[in-house]
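Please open the structure in your viewer and keep the selection tool at hand, since this tour goes from one stop to the next by residue number.

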Amino acid sequence: VTPNGAKSFVIRYRNGGRNLDFTIGKFPTMTEPMARRKAIKHRAQATEGTDLLAASKENAAKAKADRLAAKLARKHERENAERAKHETLGGFIDHKYTPWAEANLRGHAEQLRVLAVDFKAMHTLPLPSVTQWTVQKWAAEKRKSGLRASSVNRRITALKSVLTKATEWGVIESSPLRGMKRIKTDDAPKPRFLSGDEEKQLRATLEARQARQRLERDQYNAWRAARHLAPLQALADTYTDHIYPIVIVAMNTGMRRGELFNLEWKDVDLSGRLLTVQGGGAKSGRTRHIPLNDDAFATLVVWRNQSDDEPARVFPSPVTGERLDNVESAWGNVIKDAGIKAFRFHDLRHTFASNLVMRGADLTTVRELLGHADIETTMRYAHLTPEHKAATVALLCKPTAIAAVK
C-alpha cells in the first residue's frame with residue numbers, strides 16, 4: 001500500500017542473490033484469488049531462475065514493438081489501398097482525374113462521360129496495362145460497329161489525356177499510349193448540311209409537330225373536362241416548346257449546342273440585333289458576336305414575348321428551369337419524321353456556314369462567326385466555292401489558248 005493509498009499485489013523473489021519485488025497487478029482490478037493464482041505461477045518461474053522484472057520489461061518492449069509493427073502495417077495497408085485506387089484506370093479517373101477535370105476543363109462533362117462509358121471495360125486494368133495494343137483492339141471493334149474514325153480518335157485523345165496526367169503526377173513513369181498514332185482520316189471532310197428541300201421539309205415538320213402538340217393538348221383537356229377536372233394550360237399559339245426556336249436560332253447563328261444551352265438573355269441585344277457568345281461557354285474560350293438576321297431575330301422576339309416570367313437563360317430546361325442538358329430525343333423524332341438521313345443537331349452549324357459560303361461570304365468572316373480557333377477548321381467549307389477555284393485555275397491559261405478555244 002503506497003502512501004497515497006494505492007494498493008497492489010506484489011511477489012518477492014530472489015535472483016542473483018538479490019531480493020526483488022515484482023508487481024502482479026493493481027487492486028481492485030485484480031482480486032486476491034486472482035493474485036494468488038498468478039503468484040503461484042510467477043513463483044514457479046522465479047524458482048526456475050527467471051528474472052520476473054527483466055522478463056516483464058522484455059515483454060513490455062516486445063508488446064510495444066508489436067504495437068508499432070501493427071500500426072505500420074495498418075498504415076501500409078491504407079497506403080496500398082489508396083494507391084490501388086489510383087493504380088487502376090477507373091480508380092485514377094474517379095479519385096484524381098475527375099476532380100481535376102471538373103475544376104479545369106470546360107468540356108469535362110462530355111469527356112468524363114466518354115471515359116465512363118466507352119472505356120468502362122478497361123477500368124479494372126492497372127494504368128501501365130492500358131497499352132497501345134489494348135486501345136487499338138478497342139478502336140478496331142468500334143470501327144467495325146460503325147463509329148467514324150474521327151470519333152474514335154476523339155475518344156482516344158480523352159484517354160490519352162488521363163494517362164498524361166497520371167505521368168505528370170507521378171502515378172506512372174510514362175504513358176503507355178505515348179507516341180500512339182491517330183487513325184488516318186480525311187483532313188478535309190465535306191460537312192453535312194441541309195439542302196434547300198431538306199430545310200423546307202425540316203421547317204414543315206416542326207410546324208406539324210407544333211400542330212400535333214396543340215391538338216393533343218386540346219383533346220386531353222376535353223377528356224379532363226368530361227371528368228370535371230381542371231384543364232391544363234393551353235399551348236402557346238407561337239411556340240409549343242423550345243425545340244422549334246432553338247433549331248431556327250442554331251441554323252441562323254451557327255452556334256454550338258452547348259453555346260445555345262448556355263445562352264442568357266443578357267447576351268441577346270434585340271434592339272441592336274446582336275448576339276454575344278461568352279468565351280466562358282464557348283469551345284474556343286473566346287467571346288464572339290453574331291449579328292441576328294431576320295429569321296433569328298423574329299424567332300427570339302416571339303420566344304421572349306411568349307414567356308410570362310423573366311428567365312435568365314434563353315432556352316432553359318422545361319423540367320427544371322435550369323440549364324438545358326440535351327435535345328436528343330426530341331431532335332431525333334423531328335429528323336425521323338422529316339425523313340432526313342444522317343443529320344445531327346451539330347450539322348445545323350454546318351448548314352449555317354455552308355449557306356454563307358455558297359452565298360459568297362469569305363472564309364475569314366465565316367471563321368469569326370463560327371468561333372474557329374484557326375482557319376484550317378474553316379477550310380472544310382472551301383469546296384463550296386468552286387467559282388473561286390475555277391477563276392484561279394483559269395489564270396494559268398495563255399491568251400492564245402483562250403483565243404483558240406473561242
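What follows is a walk through a predicted model, with a short account of what to select at each stop.

**The sheet**

Begin by selecting strands β3, β4 and β5, which form an open sheet in that order, with antiparallel pairing. Strands of a sheet pair through backbone hydrogen bonds, either parallel or antiparallel. At the edges of this sheet you will find β3, at residues 268–269, and β5, at residues 288–291, each of which pairs on one side only.

Now look at β4, which covers residues 274–277 and is joined to the antiparallel β5 by four bridges, while two bridges join β3 to β4, a pair that also runs antiparallel. Which residue of β4 is the bridge partner of V268? Select L275, for this is the residue in β4 that bridges to V268, and then turn to β5, where I290 stands opposite L275.

**The hairpin and two charges over rings**

Next, follow the chain through the hairpin of β3 and β4, where four residues lie between the strands and where R273 takes a positive phi near 50°. Keep R273 selected and add F297, because the next thing to see is how R273 lies over the face of that ring, at 4.3 Å from the ring centre. For another arrangement of this kind, select R304 and W265: the charged end of R304 sits over the ring of W265, 5.3 Å from its centre.

**Aromatic pairs**

How many aromatic pairs does the structure hold? There are 11 of them, and a good one to select is F92 with W169, a tilted pair with 5.8 Å from centre to centre and 45° between the planes. F92 belongs to helix α3 (residues 89–104), whereas W169 lies in the loop between α6 (149–168) and α7 (196–226), so this pair ties together parts that are 77 residues apart in sequence. Is F92 buried or exposed? With a relative accessibility of 0%, F92 counts as buried, while W169, at 30%, counts as partly exposed.

Now move to W331 and F343, which form a tilted pair as well, with 6.2 Å from centre to centre and 45° between the planes. W331 lies in helix α11 (residues 328–338) and F343 in the loop between α11 and α12 (347–358), so the pair ties together parts that are 12 residues apart in sequence. Both W331 and F343 are buried.

Before leaving the rings, return to F92 and W169 and add Y97 and W100 to the selection, since ring pairs link these four residues into a cluster.

**A residue in the loop after α11**

Select H346, which lies in the loop between α11 and α12 and, at 34% relative accessibility, counts as partly exposed. Then add R257, which is 89 residues away from H346 along the chain, although the C-alpha atoms of the two are separated by 6.8 Å.

**Two helices that cross**

For the last stop, select α7 together with helix α8, which covers residues 243–253, and turn the view until both axes can be followed. Two packed helices are described by the angle between their axes and the distance between the axes. Here the axes of α7 and α8 come within 10 Å and cross at roughly 160°. Angles over 145 degrees count as roughly antiparallel, and α7 and α8 are therefore roughly antiparallel to each other. Finally, check the handedness in your viewer: α7 passes α8 in a left-handed crossing.

Technical notes:
Residues are numbered from 1 along each chain as its sequence is written. This is a predicted model: local features need pLDDT of at least 70, side-chain atom pairs count only at pLDDT 80 or more; totals for chains, interfaces and linings use all residues. Side-chain values use heavy atoms; hydrogens and water are left out. Two strands pair if DSSP finds at least two bridges between them. Rings of Phe, Tyr and Trp (its six-membered ring) pair if their centres lie within 6.5 Å; planes under 30 degrees apart count as stacked, over 60 as edge-to-face and the rest as tilted. Buried means under 20% relative accessible area, exposed over 50%, partly exposed in between (1.4 Å probe, protein chains only). A charge sits over a ring if NZ of Lys or CZ of Arg is within 6 Å of the ring centre and within 35 degrees of the ring normal. Axes are lines fitted to C-alpha atoms, for helices over the stretch in contact, and angles run from 0 to 180 degrees between N-to-C directions. Angles under 35 degrees count as roughly parallel, over 145 as roughly antiparallel, 65 to 115 as roughly perpendicular and the rest as oblique. A crossing is left-handed if the near helix is turned anticlockwise from the far one by less than a right angle, and right-handed if clockwise.
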